Amino acid sequence: MYNSKTITREELCSLFDHTNLKAFADKEAFKTLCREAADGHFAMVAINSAPVALCRRLLDGTGVHVGAAISFPLGQMTIAGKIAETKDAIANGADEIDYVINVGEVKNGNFDYIRDEMEQMTALCREAGVLIKVIFEICYLTDEDIVKIAQIAKEVEPDFIKTSTGFGTSGATVQAVKLMKETVGDKVKVKAAGGIRGWQACAEMIDAGAERIGTSSSLKILEEFDAARNG
């Protein structure tokens, strides 16, 4: 894990999942997103599943991953539906998958469903050789919910658990990132996303244990980081 006081600019760039999940994003917007990600040597572009093939072509040879958001942003698809969308995204060139859990089943207390969903999604991604991230959408969850889902993840071992879609009532919090990381330990990494628009907020997430940062404000964060280091 990184420390905000010692992290280098290169290391910070490697944490960014550079994001455009807007419904109205057009081809030019994705060209800009991919160019920025390639120029910055970011980890990934985070997009909906429809533009995956386009972004894969735009990023060919850059080393930047293409991440597809599955059942986004509500998570209210059957497991079979999520599996089908994931397979389609992987076939089109996605090498990272961020899927939204069925929060309704969490509120029903049906954690067996959450485990089954996570096991099937993780198995599919493992077989395909792509990274898998599980989006909790913490704004709708209690701390007890978060711990129970993170305990399942500790056993299933997806690559990451993730705080938020950025489309809920609120986004990542330092408290939630700490709670998630404390629960999974070294078994699973944590991605913070939602509402991270400046270096200070980003630094707080890193210090809480986040090892990926989902944001549409990557360039602004870097500007503020540079100013803080050079000021």
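**Salt bridges and a helix in a predicted fold**

K187 has a relative accessibility of 48% and therefore counts as partly exposed, since this class lies between the buried limit of under 20% and the exposed limit of over 50%. The structure in which this residue is seen is a predicted model. E157, at 32% relative accessibility, is likewise classed as partly exposed. What joins K187 to E157? The two residues form a salt bridge, and their closest N and O atoms lie 3.6 Å apart. K187 belongs to the loop between helix 8 (174–184) and strand 7 (189–193), while E157 belongs to the loop between helix 7 (143–156) and strand 6 (160–162), so this pair ties together parts that are 30 residues apart in sequence. Elsewhere, salt bridges with shared partners connect D17, E96, D98, K133, K162, K191 and R212 into one network.

The general principle is simple: side chains of opposite charge can pair when their charged atoms come close. In this model, the count of salt bridges comes to 19.

One of these salt bridges is formed by R212 and D17, with 2.7 Å between the closest N and O atoms. R212 lies in strand 8 (residues 210–215) and D17 in strand 1 (residues 16–19), so the salt bridge ties together parts of the chain that are 195 residues apart in sequence. Are these two residues buried or exposed? R212 is buried, at 9% relative accessibility, and D17 is buried as well, with a relative accessible area of 0%.

A further salt bridge is that between R56 and D95, whose closest N and O atoms are 3.2 Å apart. This pair links distant parts of the chain, 39 residues apart: R56 is in helix 3 (residues 52–58), and D95 is in the loop between helix 4 (79–91) and strand 4 (96–100). R56 has a relative accessible area of 22% and is therefore partly exposed, because the limit for buried is under 20%.

The loop that holds D95 leads the discussion to helix 4. Helix 4 contains 13 residues, and the distance from its first C-alpha to its last is 18 Å, close to the 18 Å expected at 1.5 Å a residue. Which residues of helix 4 are buried? They are I79, G81, K82, I83, E85, T86, A89 and I90. The buried residues of helix 4 pack against helix 3, strand 3 (65–70), strand 4 and helix 6 (111–128). After helix 4 comes G93, which has a positive phi, near 120°.

Note on methods: Residues numbered from 1 in each chain as written. Predicted model: local features only at pLDDT ≥ 70, side-chain atom pairs only at ≥ 80, totals over all residues. Heavy atoms only, no water. Salt bridge = Lys/Arg side-chain N within 4 Å of Asp/Glu carboxyl O. Helix = DSSP H or I, 4+ residues; strand = E, 2+ residues; numbered from the N terminus. Buried < 20%, exposed > 50% of the residue type's maximum accessible area, 1.4 Å probe, protein only. Expected span 1.5 Å × (residues − 1). Contact = heavy atoms within 4.5 Å.
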